[in-house]
Amino acid sequence: MADPARARKLAVRIRQIVSAAIETQIKDPRLGMVTVTDARVTSDLREATVFYTVYGSDEEREETAKALRSAKGLIRSEVGKALGIRLTPS
């Protein structure tokens with residue numbers, strides 16, 4: 001098990017990396033106005049959950065969710081490159 005303070009720091013860093021990746025790397029036209037609000041990492045640093053909000057109607061929220069699901073691999077690879085730890089959280 002990792003130190004809880006390290007998990008919190010890692011979660012903050014993941015939140016920053018994901019927001020930067022959404023802003024610069026993803027060019028999907030379905031992507032709306034996304035704000036990454038929080039990230040949580042499990043104590044073993046293997047799983048990360050990223051929370052976001054989308055400004056717009058229900059249809060725009062659904063389209064943005066589809067765009068983010070399709071870009072999941074790209075986002076995960078960006079997180080892995082930027083973190084430089086042995087295992088990239090899924």
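**Salt bridges, a buried threonine and the main pocket**

Across the whole structure, which is a predicted model, a search turns up 6 salt bridges. Side chains of opposite charge can pair when their charged atoms come close. Three of these pairs are taken up here one by one, followed by the rest of the picture.

The pair Asp58 and Arg61 comes first. Their side chains meet in a salt bridge, with N and O at 2.5 Å. Both residues sit in helix α2, and because they are 3 residues apart there, about one helical turn separates them. As for surroundings, Asp58 is exposed, its relative accessible area being 59%. Arg61 comes out at 38%, so it falls in the partly exposed class.

Glu63 and Lys66 tell a similar kind of story in helix α2. These two side chains also form a salt bridge, this time with N to O at 3.7 Å. The spacing is 3 residues, about one turn of the helix. Glu63 has a relative accessible area of 27%, which means it is partly exposed. Lys66, at 36% relative accessibility, counts as partly exposed too.

Then there is Glu62, which is bridged to Arg69; the closest N and O atoms of this pair are 3.8 Å apart. Glu62 is partly exposed, with 41% relative accessibility. Arg69, on the other hand, reaches a relative accessible area of 51%; the cut-off for exposed is over 50%, so Arg69 makes it into the exposed class.

Not everything in this helix faces outward. Thr64 also belongs to helix α2, yet its relative accessible area is 0%, so it is buried. What does Thr64 touch once its neighbours within four places in sequence are set aside? The contacts are Arg30, Leu31, Gly32, Val34 and Val54.

Helix α2 turns up again at the largest pocket, which has a volume of about 430 Å³. Of the 17 residues lining this pocket, Ala48, Val50, Leu68, Lys72 and Ile75 are the closest to its centre. Which elements give two or more residues to the lining? They are α1 (4-24), β2 (48-55), α2 (58-70) and α3 (72-83). Sorted by class, the lining comprises 12 nonpolar residues, 3 charged ones and 2 polar ones.

Stepping back to the chain as a whole, the secondary structure amounts to 3 helices and 2 strands. Read from the N terminus, the order of the elements is α-β-β-α-α. Along the principal axes, the C-alpha atoms fill a box of roughly 40 × 20 × 15 Å. How does the radius of gyration sit with that of a compact globule? For 90 residues such a globule would be near 12 Å, and the chain has 13 Å, so the two agree. Buried residues account for 29% of the 90 in the chain. Finally, among contacts with a separation of 6 or more, 57% link residues 24 or more positions apart.

Note on methods: Residues numbered from 1 in each chain as written. Predicted model: local features only at pLDDT ≥ 70, side-chain atom pairs only at ≥ 80, totals over all residues. Heavy atoms only, no water. 1 Å grid on protein atoms, 1.4 Å probe; cavity = no way out; pocket = protein on both sides within 12 Å on 5 of 7 lines; lining within 4 Å. Points joined across faces, edges and corners; volume = space filled by probe spheres on them. Helix = DSSP H or I, 4+ residues; strand = E, 2+ residues; numbered from the N terminus. Nonpolar A, V, L, I, M, F, W, Y, C, P; charged D, E, K, R; others polar. Buried < 20%, exposed > 50% of the residue type's maximum accessible area, 1.4 Å probe, protein only. Contact = heavy atoms within 4.5 Å. Salt bridge = Lys/Arg side-chain N within 4 Å of Asp/Glu carboxyl O. Rg over C-alpha atoms; globule rule 2.2 N^0.38 Å.
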